[in-house]
Amino acid sequence: MKSPQASGLLDRLDAHAGQLICTLGGLMLAAYVASAIVMPKADGRIIIGDATHHFVQLRSAVYDRDFAFANDYALIYGLDLQSAQGRAWVGERLSPTGLVRNFMPFGPAVAWAPLYIALSAVLAGRAAVGLGS
């Protein structure tokens, strides 16, 4: 059986669950941004690990309207696909269909799509009226 103090605390947390989730999410976001500023990656990239591959899927679907990822990986990794190094990188990752493979599931890219498309539209609109590039 729960003690009266524990029960009271749980009731208060339950009554403000939405506020608690938003506060904790904001704190995690602030910690992530602070860590990216204080301890930047050596190559200056922000997106690393699995997120890179999910972002490549999303970017390719939105901008290229295809799932040929070679040019998207070249952009992310700063590869010149005409150079020997770029061709070697792509050659190691080709699928039987001749496209660069991406082993990540599409779920995160689909989940990010509404926000990504909205922000892309805002940035394109700003560039169209001369407010940004």
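**Exercise 1. Find the salt bridges and work out which of them share a residue.**

*Solution.* The structure holds three salt bridges. Keep in mind as you work that this is a predicted model.

Step 1. Begin at Arg59. The side chain of Arg59 meets that of Asp64 in a salt bridge, with 3.9 Å from N to O. The cut-off for such a bridge is 4 Å. Arg59 also meets Asp72 through its side chain, here at 2.6 Å from N to O.

Step 2. Place this second pair in the fold. Asp72 belongs to helix H4 and Arg59 to helix H3, so the pair ties together parts that are 13 residues apart in sequence.

Step 3. Join the pieces. Arg59, Asp64 and Asp72 are linked in a network of salt bridges.

Step 4. Check how accessible the members are. Asp72 is buried, with a relative accessible area of 0%, and Arg59 counts as buried at 18%. Asp64 is partly exposed at 26%.

Step 5. Turn to Arg93 and Glu92, whose side chains meet in a salt bridge at 3.2 Å from N to O. Arg93 is partly exposed, at 28% relative accessibility, while Glu92 is exposed, at 63%.

**Exercise 2. Decide how the rings of Phe55 and Tyr116 are arranged, then do likewise for Phe67 and Phe69.**

*Solution.* There are eight aromatic pairs to choose from; we take two.

Step 1. For Phe55 and Tyr116, the ring centres are 5.7 Å apart and the planes stand at 85°. Planes over 60 degrees apart count as edge-to-face, so this pair is edge-to-face.

Step 2. Locate the two residues. Phe55 sits in helix H3 (residues 50–64) and Tyr116 in helix H6 (residues 107–128), so their pairing ties together parts that are 61 residues apart in sequence.

Step 3. Compare them with the 20% limit for burial. Phe55 is buried at 18%, and Tyr116 is buried at 19%.

Step 4. For Phe67 and Phe69, the centres lie 6.3 Å apart with planes at 70°, so this pair is edge-to-face. Phe67 is partly exposed at 45%, whereas Phe69 is buried at 5%.

Step 5. Widen the view: Phe67 and Phe69 belong to one aromatic cluster along with Tyr73, Tyr77, Trp89 and Phe106.

**Exercise 3. Trace the largest nonpolar core and name the helices that build it.**

*Solution.* Step 1. List the members: the largest nonpolar core has eight residues, namely Val56, Phe69, Tyr73, Ala74, Leu79, Trp89, Val90 and Val100.

Step 2. Look for elements that give two or more residues to this core: they are helix H4 (70–77) and helix H5 (84–91).

Step 3. Follow one member outward. Apart from neighbours within four places in sequence, Val100 is in contact with Phe69, Ala70, Tyr73, Trp89, Val90, Arg93 and Leu94.

Step 4. Set this core apart from a second, separate one of five residues, among them Phe55, Leu58, Ala109 and Ala113.

**Exercise 4. Which residues of H5 are buried, and what covers them?**

*Solution.* Step 1. Pick out the buried residues of H5: Gly86, Trp89 and Val90.

Step 2. See how they are spread. They cover an arc of only 95° around the axis, which puts them on the same side of H5.

Step 3. Look at the other side of H5, where Ala84 and Gln85 are exposed.

Step 4. Ask what lies over the buried residues of H5: the cover includes H4.

Notes:
Residues are numbered from 1 along each chain as its sequence is written. This is a predicted model: local features need pLDDT of at least 70, side-chain atom pairs count only at pLDDT 80 or more; totals for chains, interfaces and linings use all residues. Side-chain values use heavy atoms; hydrogens and water are left out. A nonpolar core is a set of buried Ala, Val, Leu, Ile, Met, Phe, Trp, Tyr and Cys residues joined through side-chain atoms within 4.5 Å. Buried means under 20% relative accessible area, exposed over 50%, partly exposed in between (1.4 Å probe, protein chains only). Helices (H or I, at least four residues) and strands (E, at least two) are DSSP runs, numbered from the N terminus. Contact means heavy atoms within 4.5 Å. The arc is that of the directions from the helix axis to the C-beta atoms. Rings of Phe, Tyr and Trp (its six-membered ring) pair if their centres lie within 6.5 Å; planes under 30 degrees apart count as stacked, over 60 as edge-to-face and the rest as tilted.
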